[in-house]
Amino acid sequence: MDRLSAMQVFATVVDKGGFSAASRALSMPLATVCRKIADLERHLGAQLLVRTTRKVTVTDSGRRFYEDVRRILDDVRDAEQQVSGEYQSPKGRLTVTAPTLFGRLLVLPIVIDFLKANSDVSLRLVLTNSVVDLLEDQVDLGIRVGALSDSSMIAVAAGSVRQIVCGTPNYLASHGRPTTPGDLRHHPCITFAMADKPVDWAFKTSSGRVQRYPVESRLILNSIEGLVVAALNECGLTQLYAYQAAHHIADGALDIVLQDHEINPVPVSLVYPQGRRVPQKLRAFVDFTLPRLSDRLSHIAAQCAGA
């Protein structure tokens with residue numbers, strides 16, 4: 001039995017929550033996954049997993065073994081990286097994740113320049129609006145827009161971005177400019193939602209408290225870019241992050257309203273796991289990306305400052 005291979009399979013079953021999911025993640029036949037787990041349990045003389053028709057449960061012994069296996073696999077990966085020189089110079093594969101539109105508009109241009117400057121590095125950029133588990137999905141770095149909840153990660157601040165409400169000058173001329181969040185009840189709004197349900201937007205009160213106000217959703221979309229298109233076509237007011245419409249605001253196609261009631265800008269951070277040596281490819285990417293992303297966020301803030 002290849003114990004290291006069996007450990008990798010076991011860790012993947014636990015990480016993915018099932019045999020079928022592990023089979024897909026490893027590109028390995030389901031029967032092979034099952035056999036390797038059975039061989040490992042037979043070798044150890046202990047049951048690691050309880051498999052039913054609905055789910056896979058990790059036993060107490062399996063949980064303790066998983067923690068040891070994860071450390072072993074991390075040590076093996078570190079050893080391989082050291083031998084291949086990944087700690088001496090930027091080289092190898094780097095995996096980065098970012099929110100979809102933020103990644104396309106702000107991160108992808110930086111990635112392209114980074115690859116031009118680092119010929120021995122290849123990069124996989126995962127653009128998704130889901131929060132990716134960096135450890136479970138073996139992602140080197142995440143770019144996050146919003147407050148961070150995972151204190152086990154190293155977070156490097158790149159800047160912040162405003163959450164704004166905007167509409168076209170023509171729309172505002174014909175419907176009037178809202179001066180308080182309560183005025184939104186008189187305006188058709190273009191809202192982002194994954195389902196047809198009531199929507200509310202957050203604003204800051206005069207006392208500094210954050211309060212949510214219900215809005216009338218005349219058009220509901222599950223696409224941020226769709227919100228911008230609809231707003232430009234005078235369907236109503238919409239709420240966006242400033243980067244999503246900065247150039248339309250700068251050229252006068254969209255105006256910002258309710259500036260005095262905006263909540264605090266949300267942070268933008270580069271996040272990666274702590275506790276292990278940082279490969280040069282990751283350190284190089286952070287050093288390359290941070291000043292460029294910070295400059296871009298500052299430029300967006302300037303574009304929206306006078307709107």
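What follows is a conversation between a visitor and a guide about how the features of this structure get their names.

Visitor: What kind of model is this, and how are its residues numbered?

Guide: This is a predicted model, in which local features need pLDDT of at least 70 and side-chain atom pairs count only at pLDDT 80 or more, while totals for chains, interfaces and linings use all residues. Residues are numbered from 1 along each chain as its sequence is written, and side-chain values use heavy atoms, with hydrogens and water left out.

Visitor: Thank you! Why is the pair Arg70 and Asp15 called a salt bridge?

Guide: A salt bridge is a side-chain nitrogen of Lys or Arg within 4 Å of a carboxyl oxygen of Asp or Glu. The N to O distance for Arg70 and Asp15 is 2.4 Å, so the pair qualifies. By this rule the count comes to nine salt bridges.

Visitor: Where do the two partners, Arg70 and Asp15, sit?

Guide: Arg70 is in helix H4 (residues 60-84) and Asp15 in helix H1 (residues 3-16), 55 residues apart, so the pair links distant parts of the chain. Helices (H or I, at least four residues) and strands (E, at least two) are DSSP runs, numbered from the N terminus. Both Arg70 and Asp15 are buried.

Visitor: What makes Lys16 partly exposed?

Guide: Buried means under 20% relative accessible area, exposed over 50%, and partly exposed in between (1.4 Å probe, protein chains only). Lys16 has 32% relative accessibility, so it counts as partly exposed. Its side chain meets that of Asp137 in a salt bridge (3.0 Å, N to O). Lys16 lies in helix H1 and Asp137 in the loop between strand E4 (121-127) and strand E5 (141-145), so this pair ties together parts that are 121 residues apart in sequence. Asp137 has a relative accessible area of 31%, so it is partly exposed.

Visitor: Are Asp39 and Arg42 buried, partly exposed or exposed, and how do you know?

Guide: Asp39 has 22% relative accessibility, so it counts as partly exposed. Arg42 has 60%, so it counts as exposed. Salt bridges that share partners join Arg35, Asp39 and Arg42 into one network. Asp39 and Arg42 both lie in helix H3 (residues 30-44), three residues apart, about one turn of the helix.

Visitor: What makes a set of residues a nonpolar core?

Guide: A nonpolar core is a set of buried Ala, Val, Leu, Ile, Met, Phe, Trp, Tyr and Cys residues joined through side-chain atoms within 4.5 Å. The largest one here has 46 residues, of which Phe102, Leu141, Ile143, Val268 and Leu293 touch the most other members. Helix H9 (residues 280-305) gives the most to this core, with nine residues. Apart from it lies another core, of 20 residues, among them Val13, Val33, Ile37 and Leu48.

Visitor: Which residues does Phe102 touch?

Guide: Not counting residues up to four places away in sequence, Phe102 touches Val107, Ile143, Val145, Tyr243, Val268, Leu293 and Leu297. A contact means heavy atoms within 4.5 Å.

Visitor: Why is H5 called oblique to H9?

Guide: Angles under 35 degrees count as roughly parallel, over 145 as roughly antiparallel, 65 to 115 as roughly perpendicular and the rest as oblique. The axes of helix H5 (residues 100-117) and H9 cross at roughly 135° and come within 10 Å. That angle falls in none of the named ranges, so H5 is oblique to H9. Axes are lines fitted to C-alpha atoms, for helices over the stretch in contact, and angles run from 0 to 180 degrees between N-to-C directions.

Visitor: Why is H1 called oblique to H2?

Guide: H1 and helix H2 (residues 19-26) pack at an angle of about 120°, with their axes 8 Å apart. By the cut-offs for angles, that makes H1 oblique to H2. Residues making the contact include Val9 and Val13 of H1, and Phe19 and Leu26 of H2.

Visitor: How do you know whether Leu123 is buried or exposed?

Guide: Leu123 has 17% relative accessibility, so it counts as buried. This residue is found in strand E4, and among the residues it touches are Val96, Val111 and Phe285.

Visitor: What is noteworthy about phi at Gln138?

Guide: Gln138 has a positive phi of about 55° although it is not a glycine. Most residues other than glycine have a negative phi. Gln138 lies in the loop between E4 and E5, and at 46% relative accessibility it counts as partly exposed.
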